[in-house]
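Colleague: I am new to this one. Please take me through a single part of it, slowly enough that I can follow along.

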Amino acid sequence: MILPEFQNRGIASQAVREVLERARGARKFGQIHAFPAVTNGPSNKICEKTGFTNLGQCEVEFAGRDLRCNHWRIDLF
């Protein structure tokens, strides 16, 4: 999460790119998955613009409740 006063500066997108770069370099993981809520436009947009593929909607349990999420995946190599 990015604090409101720092949003819209590309910080989260850059963080995702750096995580992906490190994960590719480690060669331990074949894929990374992300599950932002369908109502979380900014997080879904970050997934899209950093190369993830949207696999559709799903239910994810978090903190004792079910959330409707988009299932994103990126292949690392």
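Colleague: Let us look closely at the sheet. In strand 3, which residue is the bridge partner of glutamine 57?

Modeller: The partner is asparagine 70. Keep in mind that this is a predicted model. Start with the sheet around that pair.

The sheet is open and has 3 strands. Their order is 1-3-2, and the pairing is antiparallel. Strand 1 covers residues 31-34 and strand 2 covers 53-62. Both are edge strands, so each pairs on one side only. Strand 3 spans residues 65-75. On average, neighbouring strands here are turned by 35° against each other, direction ignored. In general, strands of a sheet pair through backbone hydrogen bonds, either parallel or antiparallel.

Take strand 2 and strand 3 next. They run antiparallel and are joined by 8 bridges. Glutamine 57 with asparagine 70 is one pairing. Glutamate 61 opposite aspartate 66 in strand 3 is another. The two strands form a hairpin with 2 residues between them. Look at alanine 63 in that turn: its phi is positive, at about 55°.

Now turn to strand 1. It runs antiparallel to strand 3, and 4 bridges join the two. Find histidine 33 there: it stands opposite arginine 73 in strand 3.

Go back to asparagine 70. Its side chain makes a polar contact with the side chain of asparagine 44, at 2.9 Å. Asparagine 44 belongs to helix 2, residues 41-49. With a relative accessibility of 8%, asparagine 44 counts as buried, because buried means under 20%. So this contact ties a sheet residue, asparagine 70 of strand 3, to a helix residue, asparagine 44.

The cysteines deserve a look too. Cysteine 69 is buried, with a relative accessible area of 1%. Cysteine 47 is also buried, at 7%. Do they bond? The sulfur of cysteine 47 is 11 Å from the closest cysteine sulfur, which is in cysteine 69, and that is too far for a bond. Cysteine 69 is in no disulfide either; its nearest cysteine sulfur, in cysteine 58, is 5.7 Å away. A disulfide needs the two sulfur atoms within 2.5 Å. Searching the whole structure gives 0 disulfides.

From cysteine 47, step across to serine 13. The C-alpha atoms of these two are separated by 8.3 Å, yet the residues are 34 apart along the chain. Serine 13 lies in helix 1, residues 11-26. Serine 13 is buried as well, with a relative accessible area of 5%.

One last stop concerns an aromatic ring. Arginine 27 lies over the face of phenylalanine 77, at 4.0 Å from the ring centre. As for rings pairing with rings, a search of the whole structure finds 0 aromatic pairs.

To retrace the route, begin at asparagine 70, the bridge partner of glutamine 57. Then follow its side-chain contact to asparagine 44.

Note on methods: Residues numbered from 1 in each chain as written. Predicted model: local features only at pLDDT ≥ 70, side-chain atom pairs only at ≥ 80, totals over all residues. Heavy atoms only, no water. Buried < 20%, exposed > 50% of the residue type's maximum accessible area, 1.4 Å probe, protein only. Phe/Tyr/Trp six-rings, centres within 6.5 Å; stacked < 30°, edge-to-face > 60°. Lys NZ or Arg CZ within 6 Å of the ring centre and 35° of its normal. Helix = DSSP H or I, 4+ residues; strand = E, 2+ residues; numbered from the N terminus. Axes fitted to C-alpha atoms, helices over the stretch in contact; angles between N-to-C directions. Polar contact = N/O pair within 3.5 Å; in protein donor to acceptor, adjacent residues only side chain to side chain.
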